[in-house]
Structure formats: C-alpha cells, structure tokens
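Subject: Structure handover, helices and pockets

Hi,

Here is the structure I promised to pass on to you. Please open it alongside this message, as my notes are easier to follow with the model on screen.

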Amino acid sequence: MEPFQLHAILQISALLGFVVAIYYARMHRLQMHHRFIYRGIVLLTVGVVYMIYNVGGVPLVHGKMGLFVYFYIILTALSGRLFFARKITKNQHKFLAITAVTLLILQIVFALYNFVF
C-alpha cells in the first residue's frame with residue numbers, strides 16, 4: 001500500500017468519526033460524542049505525522065492547507081472545553097465544528113482532484 005493511500009484512509013476515517021460525533025452530540029449522548037472526537041483527533045494526528053515523515057516536510061499546497069485544517073480542528077476540539085466552562089456559547093462551538101468538518105471535506109476533495117483524477 002502506498003503512503004498516500006494509508007494517509008487517505010486515516011483522514012477519511014477521522015472525517016467519519018467527526019460526523020458520527022456530531023450525530024451523538026445532537027442526540028445528547030456526550031460520552032459517545034467525546035469518544036468519537038478523540039478517535040478522530042488521534043486518526044488525524046497519525047495521518048498527518050505519517051505523511052510529514054514520508055514526504056519529509058510540507059512542500060505542497062495540499063500539505064500546507066492540511067496543516068491549517070489540522071490545527072483548526074484541534075482548536076475546535078479545545079473549544080469544546082471552553083463551551084463546558086461557559087466561555088463560549090453552544091452556537092459558537094457548533095459554528096466552529098461545522099466549519100472544521102467542512103474544511104476537512106474540502107481538503108479531502110482537493111486531494112482527490114489533485115492526486116487521483
């Protein structure tokens with residue numbers, strides 16, 4: 001299996017984990033929501049570190065944008081802590097989460113366009 005294929009599998013699995021986490025948040029099952037968020041973060045981190053190691057850095061636009069999306073997703077996960085501490089509202093956290101998932105979807109589509117088609 002090629003490194004980029006494993007990277008793609010990890011990133012898509014992380015995306016699916018985030019989508020399932022959103023579902024559980026809407027059902028008010030916060031323990032499951034947190035489990036899927038943490039799984040998604042771990043998968044995303046492994047995928048990013050694996051690809052940086054194999055490529056030897058971040059030479060392409062896809063990688064640079066991917067790092068931005070990665071850090072935005074980490075920031076969004078941390079905003080959940082701010083939500084529980086009553087520092088931000090539910091709608092602000094929800095906006096950050098929807099934006100993060102949308103950016104990850106766009107990054108995957110961008111990768112498909114550049115490297116597959």
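Below are my notes on how the helices pack and on the two largest pockets.

Please keep in mind that this is a predicted model.

**Helix packing**

I began with α3 (residues 61–84) and α4 (residues 90–116), whose axes come within 9 Å and cross at roughly 160 degrees. Angles over 145 degrees count as roughly antiparallel, and α3 and α4 are therefore roughly antiparallel to each other. The crossing of α3 past α4 is left-handed. On the α3 side, the residues that meet α4 include H62, M65, F68, Y72, I73 and F83. Their partners in α4 include K90, H93, L96, A97, L103, L104, F110 and F115. Sorted by class, this contact has 14 nonpolar, 8 polar and 1 charged residues.

Next come α2 (30–55) and α3, which pack at an angle of about 155 degrees with their axes 11 Å apart. These two helices, α2 and α3, are therefore roughly antiparallel as well, and α2 passes α3 in a left-handed crossing. From α2 the contact takes in L30, H34, I37, Y38, I41, L44, T45, V48 and I52, while α3 brings L67, Y70, I73, I74, A77, R81 and F84. The class count for the contact of α2 with α3 is 13 nonpolar, 2 polar and 1 charged.

The third pair is α1 (3–26) with α4. Their axes lie 10 Å apart, at an angle of about 155 degrees, so α1 and α4 are roughly antiparallel to each other. Here too the crossing, of α1 past α4, is left-handed. Q11, I12, L15, F18, I22 and R26 of α1 make the contact with K94, V101, L104, I105 and I108 of α4. By class, the contact of α1 with α4 divides into 8 nonpolar, 1 polar and 2 charged residues.

Two residues turn up twice in these lists. I73 of α3 is in the contact with α4 and also in the contact with α2. L104 of α4 meets α3 and is part of the contact with α1.

**Pockets**

How much space lies in the largest pocket? The volume of the largest pocket is about 850 Å³. It is lined by 27 residues, of which A25, H33, I37, H93 and A97 are the closest to its centre. The elements giving two or more residues to this lining are α1, α2, α3 and α4, and α3 gives the most, with 9 residues. The lining of the largest pocket has 17 nonpolar, 6 polar and 4 charged residues.

The second largest pocket has a volume of about 670 Å³. Of its 29 lining residues, H7, M51, H62, A111 and F115 are the closest to the centre. Each of α1, α2, α3 and α4 supplies at least two residues of the lining of the second largest pocket. By class, the lining of the second largest pocket has 21 nonpolar, 8 polar and no charged residues.

The pockets and the helix contacts share some residues. H93 and A97, among the closest to the centre of the largest pocket, are also in the contact of α3 with α4. For the second largest pocket, H62, A111 and F115 are among the closest to the centre, and these residues also belong to the contact of α3 with α4.

Happy to talk it through whenever suits you.

Best wishes

Notes
Residues numbered from 1 in each chain as written. Predicted model: local features only at pLDDT ≥ 70, side-chain atom pairs only at ≥ 80, totals over all residues. Heavy atoms only, no water. Axes fitted to C-alpha atoms, helices over the stretch in contact; angles between N-to-C directions. Helix = DSSP H or I, 4+ residues; strand = E, 2+ residues; numbered from the N terminus. Parallel < 35°, antiparallel > 145°, perpendicular 65-115°, else oblique. Left-handed = near helix turned anticlockwise from the far one by under 90°. Contact = heavy atoms within 4.5 Å. Nonpolar A, V, L, I, M, F, W, Y, C, P; charged D, E, K, R; others polar. 1 Å grid on protein atoms, 1.4 Å probe; cavity = no way out; pocket = protein on both sides within 12 Å on 5 of 7 lines; lining within 4 Å. Points joined across faces, edges and corners; volume = space filled by probe spheres on them.
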